Amino acid sequence: MMVNTPDILNASILIVDDQEVNVSLLEQMLREAGYARVASTMNPHEVCALHRKNRYDLILLDLQMPGMDGFQVMEGLKTNDADGYLPVLVLTAQPGHKLRALQAGAKDFISKPFDLVEVRTRIHNMLEVRLLYKKLENYSKVLEQTVQERTAELRESEARYRSLTELASDWYWEQDENGNFTKVSGPVLEMLGIRVPPMAGETGGVQASGWNEAEREALQATIAARQPFLDFAFSRVNADGSQQTFRVSGEPMFTQACRFIGYRGIGVEMTAKK
């Protein structure tokens, strides 16, 4: 991420000084250096409104002005500056004011009387930092928007996946990281030996029977080990002697940071009841 010279020379600058000679000197110096967007005011009360309207990349601010000094102007700018960066370069003839100005939020200072080489250098350096800050802020916004868009796409893709798997299978289930079932369709609870809730009007749950215990234990162990499985054979014998056969597939779910967040799986009945 770099800032080139044309970007710096096209940055917007506001000069604030109650002395016309200082304003004229700075305007001439900046224009001779190639800066194209230079404005000025001798009224410190206008600064906040001007910055709110124009969002200057740099404000050259005199500290000692009648009616409203530079410190008061900076306090006002803090309430207006939505991006959290106060682009102020203070102008002062008082050495004791430099530290106070920096503590008040100024990013740098220029001593009076002006050394034009120093002025040009400090302005160039501060504008480079300012424009880098803006690029970084814009990049962060673009990155945040991209993440939101990708997250929405992933959620939509996940929803389509669930819909397709449910259509392509007889049943589907999901568990959270603690093993609690968050979505169930079909006989998965019975397969895993979990008590089936009572139907409406019944009292007490019923433990389903007829499932092959060896197959059940193997399936439970695979899920407990967070291992994927494909077309696992599972069967049960019904009370009337008929047999049902299922093919079961499942996979653990992880975040991008590799944190386990649960399990999901599907099943297909291969042999219907007789």
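Buried here means under 20% relative accessible area, exposed means over 50%, and partly exposed is anything in between (1.4 Å probe, protein chains only). With that in hand, Arg-55 counts as partly exposed at 30% relative accessibility. This is a predicted model, where local features need pLDDT of at least 70 and side-chain atom pairs count only at pLDDT 80 or more, while totals for chains, interfaces and linings use all residues. Residues are numbered from 1 along each chain as its sequence is written, and side-chain values use heavy atoms, with hydrogens and water left out.

**The chain as a whole**

- The protein chain has eight helices and 10 strands; these are DSSP runs numbered from the N terminus, with at least four residues for a helix (H or I) and at least two for a strand (E).
- Of the 274 residues in the protein chain, 38% are buried.
- Take the contacts (heavy atoms within 4.5 Å) between residues at least 6 apart in sequence: 56% of them join residues at least 24 apart.
- The accessible surface adds up to about 15,700 Å², and carbon and sulfur atoms hold 53% of that; the areas come from the Shrake-Rupley method with a 1.4 Å probe, and for residues only the protein chains shown count as cover.

**Helix H6 and its surface patch**

- Leu-136, Tyr-139, Leu-143 and Val-147 make up a nonpolar surface patch, with about 390 Å² of accessible area together.
- Patches are built from residues with over 30% relative accessible area and no salt bridge, joining like charges within 9 Å and nonpolar side chains (Val, Leu, Ile, Met, Phe, Trp, Tyr) within 5 Å.
- Leu-143 sits in helix H6, which covers residues 116-168, and is partly exposed at a relative accessible area of 42%.

**The second largest pocket**

- The second largest pocket holds about 150 Å³ of space; that volume is the space filled by probe spheres set on grid points, which are joined across faces, edges and corners.
- A pocket is an open set of points on a 1 Å grid over the protein atoms alone, with protein on both sides within 12 Å along at least five of seven lines, and lining residues have an atom within 4 Å of a point.
- Residues lining this pocket include Val-3, Asp-7, Asn-10, Arg-37, Arg-55, Asp-57, Lys-134 and Lys-135.
- H6 gives the largest share of the lining, at three residues.

**Salt bridges**

- The whole structure has eight salt bridges, each being a side-chain nitrogen of Lys or Arg within 4 Å of a carboxyl oxygen of Asp or Glu.
- Lys-78 and Glu-75 pair up at 3.2 Å, N to O. They are three residues apart in helix H4 (residues 70-80), so about one helical turn separates them.
- Both ends of that pair are partly exposed: Lys-78 has a relative accessible area of 39%, and Glu-75 has 44%.
- Asp-108 bridges to Arg-122, with the closest N and O atoms 2.9 Å apart. Asp-108 is in strand E5 (residues 108-111) and Arg-122 is in helix H6, so this pair ties together parts that are 14 residues apart in sequence.
- Arg-122 is partly exposed, with a relative accessible area of 23%.
- Glu-213 and Arg-216 form another salt bridge, their closest N and O atoms being 3.0 Å apart. The two lie three residues apart in helix H8 (residues 213-224), about one turn of the helix.
- In this pair, Glu-213 is partly exposed at 41% relative accessibility, whereas Arg-216 is buried at 7%.
- Asp-17, Asp-62 and Lys-112 are joined into one network by salt bridges that share partners.

**Loops and backbone oddities**

- Tyr-85 is in the loop between H4 and strand E4 (88-92), and is buried with a relative accessible area of 8%.
- Beyond its neighbours within four places in sequence, Tyr-85 is in contact with Lys-107, Val-129, Arg-130 and Tyr-133.
- The C-alpha atoms of Tyr-85 and Gly-105 are 8.8 Å apart, though the residues are 20 apart along the chain.
- The Lys-112 to Pro-113 peptide bond is cis, with omega near -5 degrees; Pro-113 belongs to the loop between E5 and H6.
- Arg-55 is not a glycine, yet has a positive phi of about 50 degrees. Look for Arg-55 in the loop between helix H3 (47-54) and strand E3 (58-62).
- Arg-226, also not a glycine, has a positive phi of about 60 degrees. Arg-226 sits in the loop between H8 and strand E8 (229-237) and is partly exposed, with a relative accessible area of 41%.

Conventions:
On a 1 Å grid over the protein atoms alone, a cavity is a set of points where a 1.4 Å probe fits but cannot get out, and a pocket is an open set with protein on both sides within 12 Å along at least five of seven lines; lining residues have an atom within 4 Å of a point.
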